[in-house]
Amino acid sequence: MVREVLKRVEGTEHERKLQVIQGDAIKTRFPFFDVCVANVPYQISSVLVFKLLSHRPMFRCAVMMFQEEFALRLTARPGEALYCRLSVNTQLLARVDQLMKVGRNNFRPPPKVESRVVRIELRNPPPPVNFSEWDGMIRLLFNRKNKTLRSVLLTKPTIKMLDTNRRTQKSLNNNPETMEEEAEGDDKGAEQIIEEVVEMERWKGKRASKLDLDDFLALLAEFNKRGVHFA
């Protein structure tokens, strides 16, 4: 394919303007670009989307074709069956528009799935949130998205992890100013703090599958205020 592309511009005015980088799109470091247009192997869709979302400097937009179900997950809303971690993380960092559906009969031979073309535009400036910690919470909640927040968070492995994170954060931020800021809940364990948060009116009985971006941002802020961190 690379040879064919180079052959098409050979000897033309476009030859000096074209640079072809051959390699694994997941492992290769992307250069600066303004627009991305791609029809990628569907099995790398998720990894590639997250790579683009974290790409800096920011690009103007990406127009890409994905398997239909994957494309619909990118724009799924709370309460919809396809709403998932991918939906929440993508919508936090970017605006996604569904452009068109591409039927399987447009390909030879026809694949077993339908496809869709979407446009991805990064939010600029990006939201002021620690993405590693955000994703840690979102990953945890969407492991069982239809269970209540209480059921998901009040498990022994989760409590142990959050208690470990609390001790780590305290040791890293062991200075008078930080200690004063995190004084609320300082003498409590993760289990007690989780109980208090999930019993608040905004989140009592709620499930990840029904929460929107504002809910998740507020939930993370509430836990952080009480000294609980997910990364």
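**Group meeting: the sheet, its helices and some salt bridges**

Okay, let's start with the strands: strand 1 and strand 2, the latter covering residues 61-67, run parallel to each other and are joined by five bridges. If you want a spot to click on, Cys 36 sits opposite Ala 62 of strand 2. And before I go on, keep in mind that this is a predicted model.

Zooming out, the sheet is an open one with four strands, ordered 1-2-4-3, and the pairing is mixed. Strand 1 and strand 3 are the edges, each with a pairing partner on one side only. On average, neighbouring strands are turned by 20° against each other, if you ignore direction.

Now the helices on that sheet. Helix 2, residues 45-53, lies across strand 2, strand 3 and strand 4, at about 170° to strand 2. Helix 4, residues 85-93, also packs on the sheet, where it touches strand 3 and strand 4, and its direction makes about 115° with that of strand 3.

Stay on strand 3 for a second, because Asp 97 is there and counts as buried at 17% relative accessibility, the cut-off being under 20%. What does Asp 97 touch, beyond its neighbours within four places in sequence? Val 117, Val 118 and Arg 119. Asp 97 also has a salt bridge to Arg 95, with the closest N and O atoms 3.5 Å apart. Arg 95, at 49% relative accessibility, is partly exposed.

That's one salt bridge; the structure holds 19. Another one pairs Arg 139 with Asp 135, closest N and O atoms 3.2 Å apart. Both residues are in helix 5, four residues apart, so about one turn of the helix. Buried or exposed, what is Asp 135? Buried, at 10% relative accessibility, while Arg 139 is partly exposed at 42%.

Then there's Glu 199 with Arg 150, where the closest N and O atoms are 3.8 Å apart. This pair links distant parts of the chain: Glu 199 is in the loop between helix 9 and helix 10, Arg 150 is in helix 6, and they are 49 residues apart. Both are partly exposed, Glu 199 at 37% and Arg 150 at 38%. There's a network too: Lys 188, Glu 196, Glu 222, Lys 225 and Arg 226 are joined by salt bridges that share partners.

Last thing, the surface. Met 1, Val 5, Leu 6, Leu 18 and Val 20 make a nonpolar patch of about 460 Å². Leu 18 is in the loop between helix 1 and strand 1, and at 34% relative accessibility it counts as partly exposed.

Technical notes
Residues are numbered from 1 along each chain as its sequence is written. This is a predicted model: local features need pLDDT of at least 70, side-chain atom pairs count only at pLDDT 80 or more; totals for chains, interfaces and linings use all residues. Side-chain values use heavy atoms; hydrogens and water are left out. Helices (H or I, at least four residues) and strands (E, at least two) are DSSP runs, numbered from the N terminus. Buried means under 20% relative accessible area, exposed over 50%, partly exposed in between (1.4 Å probe, protein chains only). Contact means heavy atoms within 4.5 Å. Patches are made of residues with over 30% relative accessible area and no salt bridge: like charges are joined within 9 Å, nonpolar side chains (Val, Leu, Ile, Met, Phe, Trp, Tyr) within 5 Å. Accessible areas come from the Shrake-Rupley method with a 1.4 Å probe; for residues, only the protein chains shown count as cover. A salt bridge is a side-chain nitrogen of Lys or Arg within 4 Å of a carboxyl oxygen of Asp or Glu. Two strands pair if DSSP finds at least two bridges between them. Axes are lines fitted to C-alpha atoms, for helices over the stretch in contact, and angles run from 0 to 180 degrees between N-to-C directions.
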